[in-house]
Amino acid sequence: MAFKRQDYFSRIGFTGEPQPTLATLNALHQCHTATIPFENLDVLLGREILLDDDAIFTKLVEAGRGGYCFEQNALFSRALAECGFAVEALAARVLIADPTAMPPRTHRLVQVTLDGEPWIADVGFGGATLSAPIPLAHGAEIAGSEGRFRIESQQSEFLLLKEEGNDWHALYRFDQARQYPADYLMANHFIAHWPASHFRHHLLAALHPPGQKPLKLLNDRLNVNGESRTLADDAAVFESLQKDFGMRFDHPTHGVSCEAFCAMMAALRRDNP
């Protein structure tokens with residue numbers, strides 16, 4: 001299947017000129033994160049996460065679903081390339097949970113070169129997703145409604161940090177080593193199937209409406225503009241994913257019924273008392 005650029009633009013609500021400029025990069029980044037939700041539903045349903053271009057386009061664009069970093073940033077990278085941007089596939093070690101040992105590279109992100117200078121774009125890091133692309137330079141900062149982000153360099157590596165209160169917290173570390181499809185296949189299989197993976201024990205969803213704090217869901221806890229509440233039951237969670245996060249569940253391959261969703265949530269609670 002050829003990449004249908006206009007279908008992608010329609011999916012994210014982008015109506016500008018697809019020129020390889022910083023303005024276009026910012027607009028595409030904002031539109032994507034505001035419309036295609038971060039979510040891990042297929043992991044919990046026991047469905048394989050397929051990373052070929054056709055499968056990702058069908059799921060995230062045609063079927064109206066979301067996905068996690070390997071899907072989100074693959075789609076975004078392909079869209080940028082179709083618009084004439086110079087892109088490079090990178091991978092990061094996630095630090096958000098303060099691991100005691102060096103973690104593996106389990107996050108996909110995108111390097112974009114503009115006027116000879118590298119920028120980092122990332123539309124797939126859940127509730128802590130970048131609010132906009134950021135220059136890949138020590139001390140570079142961007143600010144959005146969800147807070148400030150900063151890049152710090154450490155020898156040949158970089159840290160992406162997010163401001164939390166009066167402190168900065170590291171989200172992930174990465175270098176500029178090129179990644180290949182096989183690298184992502186390995187990492188994707190690991191986080192989707194490793195028994196201790198966070199994605200196997202929690203329902204996660206996030207969306208970034210412009211000018212608002214991220215919309216986030218953790219199991220049955222919905223966070224809207226920084227205020228959290230517990231949804232009434234599994235059917236209410238199923239409804240929220242459609243109403244609040246804009247997910248469609250009517251596709252013959254990527255859809256799910258309310259009954260199957262509720263059974264999945266019941267199993268999730270049983271396995272994670």
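## Aromatic cluster and ring pairs

Phe3, Tyr8, Phe9, Phe14 and Phe57 are joined by ring pairs into a cluster, in what is a predicted model. Across the whole structure, the search finds 14 aromatic pairs. One of these is formed by Phe38 and Phe199, whose rings are tilted, with 6.3 Å from centre to centre and 45 degrees between the planes. This pair links distant parts of the chain, since Phe38 belongs to strand 1 (residues 38-39) whereas Phe199 sits in the loop between helix 6 (181-193) and strand 10 (204-207), 161 residues apart. Phe38 counts as buried because its relative accessibility is 9%, and Phe199 likewise counts as buried, at 18% relative accessibility.

A further tilted aromatic pair consists of Phe238 and Phe261, with 5.3 Å centre to centre and 50 degrees between the planes. Phe238 is part of helix 7 (residues 234-243) and Phe261 is part of helix 8 (residues 258-271), so this pair ties together parts that are 23 residues apart in sequence. Phe238 and Phe261 are both buried.

## Charges over rings

Two basic side chains are placed over aromatic faces. Arg150 lies over the face of Trp168, at 4.1 Å from the ring centre, while Lys162 lies over the face of Phe149, at 5.7 Å from the ring centre.

## The open sheet and helix 5

An open sheet is formed by 8 strands in the order 5-4-3-2-9-8-7-6, and the pairing is antiparallel. Strand 5 (134-135) and strand 6 (141-144) are at the edges and have a single partner strand each, so one side of each is left without a neighbour in the sheet. Within this sheet, strand 7 (residues 147-154) and strand 8 (residues 157-164) pair in the antiparallel sense over 6 bridges, and Gln154 stands opposite Glu157 in strand 8. Helix 5 packs on the sheet, where it touches strand 2 (86-94), strand 3 (105-114) and strand 4 (117-121), and its direction makes about 15 degrees with that of strand 3.

Helix 5 spans residues 69-82 and contains Gln72. Because its relative accessibility is 0%, Gln72 counts as buried. The side chain of Gln72 nevertheless has a polar partner, making a polar contact of 2.7 Å with the side chain of His32. When residues up to four places away in sequence are not counted, Gln72 touches His32, Ile36, Pro37, Phe38, Leu60, Gly66, Gly67, Val123 and Gly124; Phe38 in this list is also the residue that forms the tilted pair with Phe199.

## Strands 10, 11 and 12

Strand 10 and strand 11 run antiparallel and are joined by 4 bridges, with Leu207 standing opposite Leu215 in strand 11. Strand 11 also pairs with strand 12 (residues 221-224), again in the antiparallel sense, over 3 bridges, and here the bridge partner of Leu217 is Leu222 in strand 12. The hairpin of strand 11 and strand 12 has 2 residues between the strands, and in this hairpin Asn219 takes a positive phi near 60 degrees.

In a regular strand, side chains alternate between the two faces of the sheet. Strand 11 (residues 215-218) shows such an alternation, in that Leu215 and Leu217 point to one face and are buried, whereas Lys216 and Leu218 point to the other face and are not buried. The two buried leucines of strand 11 are also those named in the pairing above, as Leu215 faces Leu207 and Leu217 is bridged to Leu222.

Note on methods
Residues are numbered from 1 along each chain as its sequence is written. This is a predicted model: local features need pLDDT of at least 70, side-chain atom pairs count only at pLDDT 80 or more; totals for chains, interfaces and linings use all residues. Side-chain values use heavy atoms; hydrogens and water are left out. Buried means under 20% relative accessible area, exposed over 50%, partly exposed in between (1.4 Å probe, protein chains only). A polar contact is a pair of N or O atoms within 3.5 Å; within protein, one must be able to donate a hydrogen and the other to accept it, and residues adjacent in sequence count only if both atoms are side-chain atoms. Contact means heavy atoms within 4.5 Å. Rings of Phe, Tyr and Trp (its six-membered ring) pair if their centres lie within 6.5 Å; planes under 30 degrees apart count as stacked, over 60 as edge-to-face and the rest as tilted. A charge sits over a ring if NZ of Lys or CZ of Arg is within 6 Å of the ring centre and within 35 degrees of the ring normal. Two strands pair if DSSP finds at least two bridges between them. Axes are lines fitted to C-alpha atoms, for helices over the stretch in contact, and angles run from 0 to 180 degrees between N-to-C directions.
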